[in-house]
Amino acid sequence: MRRILVSKSNAIIPSISSFYILRSSSIRPYSSLKGKVGVRINVENEVKCLDDAVNLFNRMVRMKPLPSLPVFCKLLKTMINMKHYYAVISLFREMRKLDIPISEFILSNVINSYCLMHRVDCAFSLLPIHLKSGIPFDVVTFTTLIRGLFAENKVTDAVVLFKNLVREKICEPNEIMYGTVMNGLSKRGHTEKTLSLLRLMEQGNTKPDIYIYNVVIDAFCKDRNLDAAISILNEMKQKGIPPDIVTYNSLIDGLCKLGQWEKVKTLFSEMVNLNIYPDVHTFNILIDGLCKEGIVEDAEEVMKHMVGKGVEPDIITYNVMMDGYCLRGQVDRARRVFDIMIDKCIEPDIFSYNILINGYCKKKEVAQAMQLLGEISQKGLKPETVTCNTILHGLFEVGGIGDAKRVYAEMLSVGPKPNIYTHSIVIDGYFRYGLVEEAMSLFNKLERKRENTDIAFYTVVINGLCKNGKLDEAQSVFEKLSLIGLPPNVRTYNTMITGFCRQGLLDEAKSMLRKMKKNSCLPDNVTYNVFVQGFLRWSKFSEMRTFMVEMADRGFSFDASTAGFLVNVVRENPSVLDMIPELHSKNKY
DNA sequence: GTAGGGTTAG
């Protein structure tokens, strides 16, 4: 899921204009970068791990004269690439203590480290150093901060900062800053805002480049709005900006996910005609698309084809193939792919394990899944929340409540940190085994802690209460939803309707149907099927007849569960068949 | 600063 909750907090943004006023005072930038030519240090060659970095740093600070600032900078950058963000900050503090001069580049790296650690608040707290040292803010620093805000989902803060920078003329945004803002917005589902920024750029001095167009096109593709994506493609072509491999990959992915294979072929030929050749991304997109359609054989063919074209499969190729087999229930084949991957010296990553664990769980082979879970740590990897969620779901599926409780308790104490899905899986599991008190006490605890909740979480609770004969309590949770600003969706309504129908409260069910229509939540196939089963269960055949006409008019049809139900009813009471209207002529399916 | 993989309620 691409869409992520938007933070409303605005607290940590310091007043930008106050920085601006200070900046315009007469402090001059530090100018000691030149003239310090010390011993030649090749950071890249010398630093292979954190220890190397710290040792080199300790050597550097004892040198007289000190190595030049770009060498310090290079060292910090190398450490960032090795993801040792905290160490960067420690060394920076050490530099301050030792009165080693700093540059804007060094500060940018430290700010970036804080951002990458998801501590954008600390990153902001470094800005006063710029002022004290007379180092000007530049567009790179602010772009880093904006990226840091997005990384913590502080979308509003990021946009406010960007707007302030522009309004107060603190810095002129370049393509990269625009790109960062647009990418942040688009990845969180704000396609319209992304598009507005494109239009703004087109009118301003900083003209959109290929990166910008690619962000916008990808946003539309992710929204499954391929028409809009292709119209942007045509716009960029008209403006003389040729699409590149990234553009085509986004579009091909969008088309694959919509199952529009003919258009995929057209785009594929178009790119090759432009001498843009498919890369490992392109092939992975195709392989994933085919696997998700269930045609793993074709995916295997594409894999052979890519090898023939000299494009080597990577870890994602193997993971996608594994998932393709798991989706068809062929977990043993997936396991073979896993082994082949290891033979080819590609070490499985946490995705590989998650995919395989999910495959085993779906086959109810939870013991195998648990064994893989143990293997993760042995391979130097760490189980993720997703890993444990998959295991938990699998355990509840087979009734392993004790194991599930142990996994959940371990998550709470040592991690990985449970998220909203974890809690939903556990509450759902408790309800399924009639552990209503445990489910409700967990639910109440999470509500008290004001843990992030979503509509799916509440739907689990409502469903659990209904299934355990507590329709009144379910209803009061349902009523609460609008108060806490979580509008019910079609699944929530369906859950309540199912609850009413099972109890024979068909009038309440119908009133719920009216309510959902009033709130512009369209009933889906499940809604109609639940009603038909309700009418069948309580022998309301003539009402069922009227209802089924509406159902057919809207193009919905029986699902497997309703069909099975109907067969049983007809077996006992064959005259029911006469009550079923002639639907097939009108039915779209 | 842009593209590809995993969990998730009726």
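**Helix 19, DNA strand B and the cysteines**

User: What caps the N-terminal end of helix 19?

Analyst: Asp 314 does, with a side-chain oxygen 3.1 Å from the backbone nitrogen of Ile 316. Helices here are DSSP runs of H or I, at least four residues, numbered from the N terminus. This is a predicted model, in which local features need pLDDT of at least 70 and side-chain atom pairs pLDDT 80 or more, while totals for chains, interfaces and linings use all residues. Residues are numbered from 1 along each chain as its sequence is written, chains are lettered from A and ligands numbered from 1 in the order written, and side-chain values use heavy atoms, without hydrogens and water.

User: And what follows helix 19?

Analyst: Gly 329, which has a positive phi, near 80 degrees.

User: How many residues of the helix are buried?

Analyst: 10 of the 13 residues in helix 19, so the rest of the structure largely encloses it. Buried means under 20% relative accessible area, with a 1.4 Å probe and protein chains only. Among them are Tyr 318, Asn 319, Met 322 and Tyr 325.

User: What do they pack against?

Analyst: The buried residues of helix 19 contact (heavy atoms within 4.5 Å) helix 17 (280–292), helix 18 (296–308), helix 20 (331–343) and helix 21 (350–362).

User: Switching to the DNA. Which residues are closest to strand B?

Analyst: Asn 284, Asn 319, Asn 354, Tyr 421 and Asn 494, out of 56 residues that surround DNA strand B (a heavy atom within 4 Å). Of the DNA strand B atoms that come within 4 Å of the protein, sugar and phosphate make up 34%.

User: Which side chains have an N or O atom by a phosphate oxygen or a base nitrogen?

Analyst: Lys 257 has one 3.2 Å from a phosphate oxygen of DNA strand B, and Asn 489 has one 3.0 Å from a base nitrogen. Asn 183 also places a polar side-chain atom 3.4 Å from a phosphate oxygen of the strand. These are polar contacts, meaning pairs of N or O atoms within 3.5 Å.

User: How many disulfides does the structure hold?

Analyst: Zero, where a disulfide is a pair of cysteine sulfur atoms within 2.5 Å. The cysteine sulfur closest to that of Cys 256 belongs to Cys 221 and is 11 Å away, too far for a bond. Cys 388 is in no disulfide either, with the nearest cysteine sulfur, that of Cys 361, 11 Å away.

User: Cys 256 and Cys 388: buried or exposed?

Analyst: Cys 256 is buried at 4% relative accessibility, and Cys 388 is buried with a relative accessible area of 6%.

Note on methods
A polar contact is a pair of N or O atoms within 3.5 Å; within protein, one must be able to donate a hydrogen and the other to accept it, and residues adjacent in sequence count only if both atoms are side-chain atoms. Buried means under 20% relative accessible area, exposed over 50%, partly exposed in between (1.4 Å probe, protein chains only). Helices (H or I, at least four residues) and strands (E, at least two) are DSSP runs, numbered from the N terminus.
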